[in-house]
Amino acid sequence: METKSKELFERAKKHIPGGVNSPVRAFQAVGRTPRFMKAAKGSRIWDEDENEFIDYVCSWGPGILGHADPRVIKKVKEACDLGLTYGAPTQKEVELAELIAELVPSMEVSRLVSSGTEAVMSAVRAARGYTGKDKIIKFRGCYHGHSDGLLVKAGSGALTTSVPDSAGVPADYTKNTLVAEFNDRDSVEALFQSNPGEIAAVIVEPVAANMGVVLPEEGFLEFLRDITKNNDSLLIFDEVITGFRLALGGAQEYFHVTPDLTTLGKIVGGGMPIGAYGGKREIMQMISPDGPVYQAGTLSGNPIATTAGIETLKILKEDPDIYKRLEARGEKMAQAVRDAAGERVRVNQIGSLLSVFFTKNEVRDYESAASSDLELYAEYFGYLLDHGIYTAPSQFEAMFLSDVHTEEDIETTCQIMRDALCSLRF
Ligand SMILES: *Cc1c(COP(=O)(O)O)cnc(C)c1O
């Protein structure tokens, strides 16, 4: 039954573009009606027709503790009684900045914003202000939010041209964004060589999770660390997904590679809208009012959002074993899929992030991810949805595990995934 979702979707399409406030929610890639959700608790989410799902979208990452963790909800309710926003500094912001610096030591100084998009946009501005250079390098298939300068794709052929990846973005806004290939050192070296002294920063998702999950190969992040250092450029880790998910200290702790600037989002807000960017004091001193790089926000450091963030980070900090549990569950799920589908799919998994790619190729960059059979993915997704498993409605998104996915949830899910794979003709 999806009667109510269908009705709501029809109503939504009249006044909201595509009926949704973020495109992936429209289920276009899988040809189904999006489910309109009305409640979520723990590992479960319910739609308006009262269908229950085990949720592996987890709001695209924030839900590492599962939905509506009672400890977080209690603090948020208490905070609401004290007022929703003041537009003035608060103790909570100080506490969150201290926690971030403690858990992610490279973020000695950080600034709070309201989304991951804003965090990345501001970090790039800080890098340009600090280095006095204009160009940045990003990787094909990595997503860094929807600011103009980052909605870029590689131009055909020539390494040095990049073009807007969205209508409405002037080519002039993207000409300073160069595009390299994930896991391909030569492509990065070539850009440094053809733009000597002009690269302000290299920005990367240390584990790419927006082309499906793609792991950095041995030495790749170290290589980026070295080449940026040797060229007086900054290394920016976009840890909006990996922050507090791969490890308490994010991918930089997991891989022992320290960037100059880091961006956070998703988990850092504990389910409320927050982003953060930060790094060494010397760089962050560039931000106004200390320095000449302007960046501001009416609702930045909002007291309700910071409360949810602080409580979530404290829970993670007090129970670091959470990351071992997540890794074990992630591995179990990956193994179940590999056992069921063998060589017909590729499963990329690290910690609580997982993608099943419908391709026989090893998936190590955008091109190999894009070799997936999207129709098979859509069928697989549909089977899972119809059997109570809510997962990413796109081949190019990750599956997220949370600490409240029980052994039983995982068993049930593995069985349904196996059945789904068996039901496909491929
Ligand atoms: C989600 C995401 C963003 C954008 O964050 P929003 O809060 O959606 O603006 C940026 N970078 C990465 C790696 C993301 O996954």
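**A buried glutamine, the ligand shell and the strands β1 to β3**

Glutamine 395 is counted as buried because its relative accessibility is 3%, below the 20% limit that defines this class. The model described here is predicted. In the chain, glutamine 395 belongs to the loop that connects β15 (389-390) with β16 (399-400). Apart from neighbours within four places in sequence, the contacts of glutamine 395 are Gly212, Val356, Phe357, Phe358, Ser372, Leu374 and Tyr377. Among these residues, valine 356 also takes part through its main chain: its backbone oxygen is 2.8 Å from a polar atom in the side chain of glutamine 395.

The ligand is surrounded by Ser115, Gly116, Thr117, Tyr143, His144, Gly145, Glu205, Asn210, Asp238, Val240, Ile241 and Lys266. By class, this shell comprises 3 nonpolar, 6 polar and 3 charged residues. Both side chains and backbone provide polar atoms to the ligand. A polar atom in the side chain of aspartate 238 is placed 2.7 Å from a ligand nitrogen. For glycine 116, a backbone N or O atom is found 2.8 Å from an oxygen atom of the ligand. In lysine 266, an N or O atom of the side chain is 2.7 Å from a ligand oxygen. Of the 380 Å² of accessible area that the ligand has on its own, 83% is covered by the protein.

Strand β2 (residues 44-47) pairs with β1 as well as with β3. Its pairing with strand β1 (residues 37-41) is antiparallel and comprises 4 bridges. Across this pair, arginine 44 of β2 is positioned opposite lysine 41. The hairpin of β1 and β2 has 2 residues between its strands, and glycine 42 adopts a positive phi near 60 degrees there.

The pairing of β2 with strand β3 (residues 52-55) is likewise antiparallel, with 3 bridges. Here isoleucine 45 has phenylalanine 53 of β3 as its bridge partner. This second hairpin has 4 residues between β2 and β3, and in its turn glutamate 50 shows a positive phi of about 70 degrees.

The two faces of β2 are distinguished by their cover. Ile45 and Asp47 form the covered face, whereas Arg44 and Trp46 lie on the uncovered one. Isoleucine 45, the bridge partner of phenylalanine 53, thus belongs to the covered face, while arginine 44, which stands opposite lysine 41, is on the uncovered face.

Notes:
Residues numbered from 1 in each chain as written. Predicted model: local features only at pLDDT ≥ 70, side-chain atom pairs only at ≥ 80, totals over all residues. Heavy atoms only, no water. Near = heavy atom within 4 Å. Polar contact = N/O pair within 3.5 Å; in protein donor to acceptor, adjacent residues only side chain to side chain. Areas by Shrake-Rupley, 256 points an atom, 1.4 Å probe, with all protein chains shown as cover. Nonpolar A, V, L, I, M, F, W, Y, C, P; charged D, E, K, R; others polar. Buried < 20%, exposed > 50% of the residue type's maximum accessible area, 1.4 Å probe, protein only. Contact = heavy atoms within 4.5 Å. Pairing = 2+ DSSP bridges.
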